[in-house]
Every structure is written in C-alpha cells, then in structure tokens.
Amino acid sequence: MEKIFFLHFLSILIFNNSFAQTWTNYNTANTSTQISHFNARSCAVDSKKNIWFATDFGASKFDGSVWANYVNYNIPIFNTFTCVAIDNEGNKWFGSYIGVDKFDGTTWTHYYLGDNSNDQVNTLAVDQEGNIFVGTEHYGPYLFDGNKMS
C-alpha cells in the first residue's frame with residue numbers, strides 16, 4: 001500500500017511540475033531601462049525578435065535586455081496606443097483613440113479613419129498582401145490598403 005501511495009504521489013509531483021511555467025516581469029529591477037508606461041496594452045514580435053508594446057505613452061521596444069521608447073511628437077496628445085501589429089516590411093502599426101500610426105523605425109505617419117476620426121482603434125491585423133485590418137470601437141472594421149482607409 002505504501003508503495004502504491006508513493007508512486008501515486010510521485011506521479012502527481014512529476015505531472016504538476018511538467019506544466020510549471022516561469023514568468024519574468026521586466027522592470028527596473030532587472031533591466032537598465034524601462035518601458036515608457038506600465039500599462040502595456042498589446043505586443044507584437046518583429047523579425048529581429050524585438051518585442052514591441054503599445055502603451056499609454058507611446059511605443060516601447062524590448063530587445064531582451066534594453067528598452068527603447070518612441071513617441072509620435074506630431075500628435076503628442078494622442079500617444080496612447082491601444083494595439084500594435086507589424087507588417088511584412090517591418091513597419092510597426094499602432095492603434096490609438098484617433099486613428100492609426102505607422103512607424104518605420106525613423107518616421108511616424110498618422111492615418112485618420114476618414115469621417116470617423118474620433119473612433120478608438122481596438123485591434124490591428126496584417127494579411128500576407130500587406131493590407132491592414134483595423135477594428136474600431138464604434139464604426140466597425142476598416143481596411144487600409146496602403147493608400148486609403150475603406
């Protein structure tokens with residue numbers, strides 16, 4: 001009986017530990033820099049394995065040890081980003097409360113959502129052809145084909 005109990009206990013211990021996960025919180029205690037704002041709303045990984053975050057104060061990139069923070073100073077009041085997606089060319093697309101911002105690593109470009117420029121962008125996705133799909137709070141989905149929102 002003791003042998004059966006021991007084997008049962010051992011199997012539970014092994015089974016539970018095989019699914020154990022370790023989570024790391026990257027903050028100033030374990031990195032030399034920090035994310036631009038701790039409310040990280042969305043993240044995406046680029047081809048260089050950098051992790052890009054949409055935050056309440058711009059975009060942040062984490063390369064595994066150092067944070068770099070980016071703000072679109074052309075529209076400084078609306079740097080609360082709600083989501084992020086990365087296209088096939090490596091451009092980072094950030095949703096906000098007033099449209100979509102594209103960041104190519106150097107330059108920011110802002111796109112309003114046509115007549116509904118005050119609609120919050122909740123989600124972004126990029127297809128294989130490079131079309132940007134935009135999900136909004138009040139006016140539904142949009143498609144950006146690189147030239148216009150429809």
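How much accessible surface does the protein chain have, and what share of it belongs to carbon and sulfur atoms? In this predicted model, the accessible surface comes to about 9,600 Å², and carbon and sulfur atoms account for 55% of that area. Turning from the surface to the interior, 37% of the chain's 150 residues are buried.

Let's look at how the chain is built. Its secondary structure consists of one helix and 11 strands. If you start at the N terminus, you meet the helix and then the strands, in the order α-β-β-β-β-β-β-β-β-β-β-β. Contacts along the chain can also be sorted by sequence separation: among those with a separation of 6 or more, 34% are between residues 24 or more positions apart.

A good place to zoom in is histidine 110. This residue belongs to strand S8, which covers residues 108-111. Is histidine 110 buried or exposed? Its relative accessibility is 18%, so histidine 110 counts as buried, the cut-off for that label being under 20%. Now follow its side chain to its polar partners. One of them is aspartate 101, whose side chain forms a polar contact of 3.1 Å with the side chain of histidine 110. Another is the backbone oxygen of isoleucine 98, which the histidine 110 side chain reaches at 3.3 Å. Both partners turn up again in the wider surroundings: once neighbours within four places in sequence are set aside, histidine 110 is in contact with Ile75, Ser96, Ile98, Gly99, Val100 and Asp101.

For a contrasting spot, move to the loop between strand S1 (40-45) and strand S2 (51-55), where you will find lysine 49. Its backbone may catch your eye: lysine 49 is not a glycine, yet it has a positive phi of about 70°. With a relative accessible area of 67%, lysine 49 is exposed, whereas histidine 110 is buried.

Finally, consider the cysteines. How many disulfides does the model contain? The count is zero, given that a disulfide calls for a pair of cysteine sulfur atoms within 2.5 Å. As a reminder of the chemistry, a disulfide is a covalent bond between the sulfur atoms of two cysteines. It is still worth checking where individual cysteines sit. Cysteine 83 has a relative accessibility of 4% and therefore counts as buried. Cysteine 43, on the other hand, has a relative accessible area of 48%, so it is classed as partly exposed.

Notes. Residues numbered from 1 in each chain as written. Predicted model: local features only at pLDDT ≥ 70, side-chain atom pairs only at ≥ 80, totals over all residues. Heavy atoms only, no water. Buried < 20%, exposed > 50% of the residue type's maximum accessible area, 1.4 Å probe, protein only. Helix = DSSP H or I, 4+ residues; strand = E, 2+ residues; numbered from the N terminus. Polar contact = N/O pair within 3.5 Å; in protein donor to acceptor, adjacent residues only side chain to side chain. Contact = heavy atoms within 4.5 Å. Areas by Shrake-Rupley, 256 points an atom, 1.4 Å probe, with all protein chains shown as cover.
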